[in-house]
Amino acid sequence: TLNIGSTGVINCAEFYPNGIVATGATGTGNLSLLSIASGGVFNIDSIADFRNASQTITGAGTFSLRGTGLMRIGSTLGVTASGATGQIQTTTRSLSTSGRYSYESRSAQVTGDGIPSTIGALIVRDTATTLTLSKTIRVTDSLRFNYGKLILSTFDLNTSTVKNYKDTNYVVTNSTGALKIRNVANTDVVFPVGPSTSAYNPITLNNIGTPDTFAVKVATGAPNGVAVSPR
């Protein structure tokens, strides 16, 4: 049990609750009981390991991921903005806009509406099925895949680059959301997209004009107002 009192502050580099170690898998021991009282603060600068989906932090205090810290998220609900859901349930949730957020469930996940609108990196890692955006996100560094697919739904994902994509790991543009890549210039840039989780239809763009941001989505049919056959 860890209780941070109303005047308590813990500054921590790496945090592995529930028996999870840096090179280990999800812990199998009893859940750690973690609570931060109003006025208390828990700061993490490097790694916040919440791969165990049942592990939570509660209380009326502040949980903070700082700098380029990495949060490893196991909850299918992702990071929620408020309330007693998700893994970070403190009243105040201060999450870095340059932090790295890694979704690592073996079940379908959503990012959650509590993830910042701007982040350092979005990582789809060990998600056996899918990760779905809960809001539009701008990634200053990269979208990275290990396993699984990122479903945009009605939201956009804006990034400088996409790493480790392939025909089983790509961005699903199943609604109005688009994959946006910045600074596309006169070199080939692959947009690894598909209209569904079973159809991969990437496109390569090469822009001979001024470097710019391009948005791409794949549809299963002609959009409204566009004739299927030329006239």
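**Strand pairing, salt bridges and aromatic pairs**

User: Which residue in β16 is the bridge partner of Ile-151?

Analyst: In this predicted model, strand β13 spans residues 149-151 and strand β16 spans residues 171-172. The two strands run parallel and are joined by two bridges. In β16, the bridge partner of Ile-151 is Val-172.

User: What is the order of the strands in the open sheet of five strands?

Analyst: Strands of a sheet pair through backbone hydrogen bonds, either parallel or antiparallel. In this open sheet the pairing is parallel. The edge strands, each of which pairs on one side only, are β9 (109-110) and β19 (193-194). The order of the five strands is therefore written with these two at its ends: β9-β11-β13-β16-β19.

User: How many salt bridges does the structure hold?

Analyst: Side chains of opposite charge can pair when their charged atoms come close. One of the salt bridges here joins Arg-51 to Asp-49, and another joins Lys-180 to Asp-156. The number of salt bridges in the structure is six.

User: How far apart are the closest N and O atoms of Arg-51 and Asp-49?

Analyst: Arg-51 is buried, since its relative accessible area is 11%, and Asp-49 is buried at 0%. A salt bridge joins these two residues. Their closest N and O atoms are separated by 2.7 Å.

User: How many residues apart are Arg-72 and Asp-49?

Analyst: The side chains of Arg-72 and Asp-49 meet in a salt bridge, at 3.9 Å from N to O. This pair links distant parts of the chain, with Arg-72 in strand β6 (residues 70-73) and Asp-49 in strand β4 (residues 41-50). Arg-72 counts as buried, because its relative accessibility of 12% falls under the 20% limit. The separation of the pair along the chain is 23 residues.

User: Which residues are linked in a network of salt bridges?

Analyst: Asp-49 forms a salt bridge with Arg-51. The side chain of Asp-49 also meets that of Arg-72 in a salt bridge. The network includes these three residues and Glu-104. Its members are Asp-49, Arg-51, Arg-72 and Glu-104.

User: Is Lys-180 buried, partly exposed or exposed?

Analyst: Lys-180 forms a salt bridge with Asp-156, with 3.3 Å between the closest N and O atoms. Lys-180 lies in strand β17 (residues 179-184) and Asp-156 in the loop between β13 and β14 (157-159), so the pair ties together parts 24 residues apart in sequence. The relative accessibility of Lys-180 is 27%, and values from 20% to 50% fall in the middle class. Lys-180 therefore counts as partly exposed.

User: What is the angle between the planes of Phe-15 and Phe-42?

Analyst: The structure holds five aromatic pairs. In one of them, Phe-15 and Phe-42 are edge-to-face, at 5.0 Å centre to centre. The pair links distant parts of the chain, as Phe-15 is in strand β2 (residues 9-15) and Phe-42 is in strand β4, 27 residues apart. The angle between the planes is 85°.

User: Which residues form one aromatic cluster?

Analyst: Phe-42 counts as buried at 3% relative accessibility. Phe-42 also forms an edge-to-face pair with Phe-63, at 6.1 Å centre to centre. Phe-63 lies in strand β5 (residues 62-65) and Phe-42 in strand β4, so this pair ties together parts 21 residues apart in sequence. The cluster includes Phe-50 as well, and its members are Phe-15, Phe-42, Phe-50 and Phe-63.

Conventions: Residues numbered from 1 in each chain as written. Predicted model: local features only at pLDDT ≥ 70, side-chain atom pairs only at ≥ 80, totals over all residues. Heavy atoms only, no water. Helix = DSSP H or I, 4+ residues; strand = E, 2+ residues; numbered from the N terminus. Salt bridge = Lys/Arg side-chain N within 4 Å of Asp/Glu carboxyl O. Buried < 20%, exposed > 50% of the residue type's maximum accessible area, 1.4 Å probe, protein only. Phe/Tyr/Trp six-rings, centres within 6.5 Å; stacked < 30°, edge-to-face > 60°.
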